[in-house]
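Hi everyone, thanks for making the time. I'd like to walk you through a model I have been looking at, starting with a pair of helices and moving on from there. Here it is on the screen.

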Amino acid sequence: MRWTLLVVVAVLALIAGVVLGPAAVPLSELLRSDIVWNLRAPRALLAFLVGGSLGVAGAGLQALVRNPLADPFLLGLSGGAGLGAVVAIALHLPGPWALPIAAFVGALAALGLVYRLGLIGGASLDPRILLLGGVAIGAFAAAITTAIVSLADAAELRNAFLWLWGGLSGASWDSVLLVALYAPIPLAVLLAASRPLDLLALGEESAGYLGADVEAVKRRVYLAASLLTAAAVAVSGVIGFVGLVVPHISRLVWGHRHRSLLPAAFVGGGALLAFADTLARTVVAPRELPVGVVTALIGVPVFALLLRRWTIA
Amino acid sequence: MPRRFLFAVLILAACRPDGRTAGRPAQRIVSLLPSFTEILFAIGAGDRIVGRTQWCDYPPAALAIPSVGDGMPPNIEAVAARKPDLVVLYNSGPNVTAAKQLERIGIHAVLLDLNRLEDLGPAARALGRLTGLEQRAESLATVLDSLPRQPPPTSRPSTTLAFIVWDNPPIIIGHGSYLDQLAAQAGARNVFGDIAAPSAQVSLETIVARDPQWIAVLADSAAPPAPPAFAKRREWRAVRAVRDGHFLLLPGSLFGRPGPRSGEAIRRLRALLAGNEMGAQHAAPLHEAPRR
C-alpha cells in the first residue's frame, strides 16, 4: 500500500513535470513539441535522478555518522564544487561542459581531503572526524572561492555562485544519460550495504560482533554517498534539503531497515525534486524560482506533519 | 518612486551648507562608476580625476589614472589615500554605507542614481555643479535628456531580441533596465519587456516559447567576439536563435553602461540589427524549424 502510493506519487510528479510548464503547449501537441521532448522531459527525469540520488546519499550518510543532521552537502562537497566552478571561469576553460567537469573535480578533491582527514586517527574511519573535516574543508574551499571572486577581474566570476545554486536549468538528454549511467553503481553499493548499515545503528562495536565488516562498510558508504552527491552537484548545483529531509520522512514511514528505506528514499527524493522543480518553473511564470526554495517549502511542512503524527502515535 | 525621493534627500544631505560643495569646485575627484568617469571626461573634468575603479576603461586617458579597486564595495582607505575632495558613488545600499564612512573622515561623498537613460541628464548636471562646469554639463545634459524622448524608428518594432546575462540558470533582462531601453530606442522589442524587474531568472522553455529573433549578450571587451559557450549546449539548441547562430555580441564597455556614449550605443545597435536583418534574409535557413 505504502509502496503503491509512493510509486503513484512519483509517476504523477513525472507526468506533471512533462505536462506543466510556463510555455503553453496544447495537450494534442504534447508528444510532438520540441519544448516537451528536449526541455521538459530531460529536466523532469534529471530532477528525479538527482533527487533520488540525494535522498539515498543522505540516508546512507545519516546512518554512517549516526547524526540526524547529516546532509550530503555537509561533508564539504558543495565548497569543493564551488571552488572548481570558479576556477573554471577564472581560467576561461573552454567548452560547454567545462563548468560541470570542474565542479565534479572540485567535489572529488574535497571528498579526498575529507576522507584523508577521517583516517587521521589511524586505519579506522572516524565518523565524527568525517563530519568535522567536511565542515572545515567546505569552509576552507569557500574561503578560497571568495578570495578568487573578490580578487580576480572577470565580472562573470560573480555568476559562479549563480551556477552553484543553478538547479536544473542545464538539464538535457546528455546530462540525463550521464547520470543514468553513473548513478547506478554507487546506488548499488549503498543498497548492498543495507544489512551492515542496519547493524551500524547499534554502535560500531556491536555491529562488529554481529558480523559486519565495519571498516569496509564505513568506507564504502562514505565514498558511494559522496560520489553520488558529487555527480548531483555537477549536473544541478547544490540543491539543499532533499538529502536531509527525505531520509527522515522515509524513516518515519518505512522504518529503519535500509533494505526498504533506501529504495523509498530514492523514489521519494526523486518525486519531491521533480514536483518541486515543476512548481519552481510554473508558480511565478514567466519568472522562475530557485528549486532549493521550493524543496524546503514543501519538505518542511510534510516533515513537521509526519513528525507530529509519529511522536503522538 | 521612493528611490527617487531617497536620491533627492541624499543629494540634499550631500550638499549640506558645509561650505565645500557650494563654494569651491572639486579639484581632486575619485569616480567610483565607469559612467561617472565618462561624464566627467565629457564635461572637461577628466584631468581632475585622481582615482577610478578598475572597470573605468573609457576614454583611454582614464586608464592612466590610478585605480582604487573594483569599487564593489569601495575600499575606503584606498579612496582616502588619493586625498580627494569629492568622491562620486553610484547610489546603492553598500555605497550609502561607504559614503557615510567617507563623510566621517571629512571627505565629501555624493551618491548619484544612474540606472536608466533618463538618469543621465540629472547625473551630468549634478557633476557639473560639483565641478563648477555647469555650462558644459548643461549642453551635454541637454543632448542626453533627448535620448529617451526620441521616438523609436518604428512604433511597433518587428525585430525581437532577448538579453541573456547568464545561462545556468538563465537570467534575462527585463523592462526595468537600461538595456531594455537601449533595445527599444534601437527599434527592437525585448521579448521579456513584460517582466518589470531589471533582470530575472526564467526557464529555458520560456525563451523557446517567446522565440526572440536575436540573442544579445554583453561580451567582455578584452575577449575576441565569439558566440557564448552555452551556444554549444544541447538544451540551448531548443532556442531557434541559438540554432541559427543569431547572436548579437555587444561589447560591455559601450553597451553595458549608461553614459555620454549611450547615443552611439543606440546607433550601433540599430545598425547591427539592420545589417544583420539583411544578412539573415540572405542566409535564410533551408528548412525552417517547425513553429507552433
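So, H1(A) and H2(A) are roughly antiparallel to each other, because the angle between them is over 145 degrees. To put the value on it, helix H1, residues 2-19 of chain A, packs against helix H2, residues 34-65 of chain A, at about 150 degrees. Their axes are 8 Å apart, and the crossing of H1(A) and H2(A) is right-handed. Please keep in mind that this is a predicted model.

Which residues make that contact between H1(A) and H2(A)? From H1(A) we have A:Leu14, A:Gly17 and A:Val18. On the H2(A) side they meet A:Val36, A:Arg40, A:Ala41, A:Arg43, A:Ala44, A:Ala47 and A:Phe48. By type, the residues of this contact are seven nonpolar, one polar and two charged.

Let's stay in chain A for a second helix pair. Helix H8, residues 184-192, packs with helix H11, residues 214-236, again in chain A. Here the angle is about 150 degrees and the axes lie 9 Å apart. Is the crossing of H8(A) and H11(A) left-handed or right-handed? H8(A) passes H11(A) in a left-handed crossing. H8(A) brings A:Pro186, A:Leu187, A:Val189 and A:Leu190 to the contact. They meet A:Arg220, A:Val221, A:Ala224, A:Ala225, A:Leu227 and A:Leu228 of H11(A). That contact counts nine nonpolar residues, no polar ones and one charged.

A word on confidence, then. Chain A averages a pLDDT of 89, and 98% of the residues score at least 70. H8(A), which we just met, is where confidence in chain A is highest, at 96. The lowest in the chain is helix H6, residues 159-164, at a mean of 76.

H6(A) comes up again at the contact between the chains, so to speak of that next: chain A puts in 28 residues and chain B 24. On the chain A side, the elements giving two or more residues are H2, H6 and helix H7, residues 173-182. Which of the elements gives the most? H2(A) does, with five residues. The chain A side as a whole divides into eleven nonpolar, nine polar and eight charged residues.

Now over to chain B and its strands. Four strands form an open sheet in the order E2-E1-E3-E4, with parallel pairing. Strand E2, residues 49-51, and strand E4, residues 109-112, are the edges, each pairing on one side only. From one strand to the next the twist averages 35 degrees. Inside the sheet, strand E1, residues 29-31, pairs with strand E3, residues 86-90, over three bridges. In one of them, B:Ile29 has B:Leu86 of E3(B) as its bridge partner. Helix H4 of chain B, residues 93-104, packs on this sheet and touches E3 and E4. The direction of H4(B) makes about 160 degrees with that of E4(B).

Finally, some antiparallel pairing in chain B. Strand E5, residues 159-167, and strand E6, residues 170-173, pair over three bridges and form a hairpin with two residues between them. E6(B) also pairs with strand E8, residues 199-201, in the antiparallel sense over three bridges. B:Ile172 is a nice residue to click on here: B:Ile164 stands opposite B:Ile172, and B:Ile172 also stands opposite B:Ala200 in E8(B).

That's my tour, thanks for listening!

How values were computed:
Residues numbered from 1 in each chain as written. Chains lettered and ligands numbered in written order. Predicted model: local features only at pLDDT ≥ 70, side-chain atom pairs only at ≥ 80, totals over all residues. Pairing = 2+ DSSP bridges. Axes fitted to C-alpha atoms, helices over the stretch in contact; angles between N-to-C directions. Contact = placed C-beta atoms within 7 Å. Parallel < 35°, antiparallel > 145°, perpendicular 65-115°, else oblique. Left-handed = near helix turned anticlockwise from the far one by under 90°. Nonpolar A, V, L, I, M, F, W, Y, C, P; charged D, E, K, R; others polar. pLDDT = per-residue confidence, 0-100.
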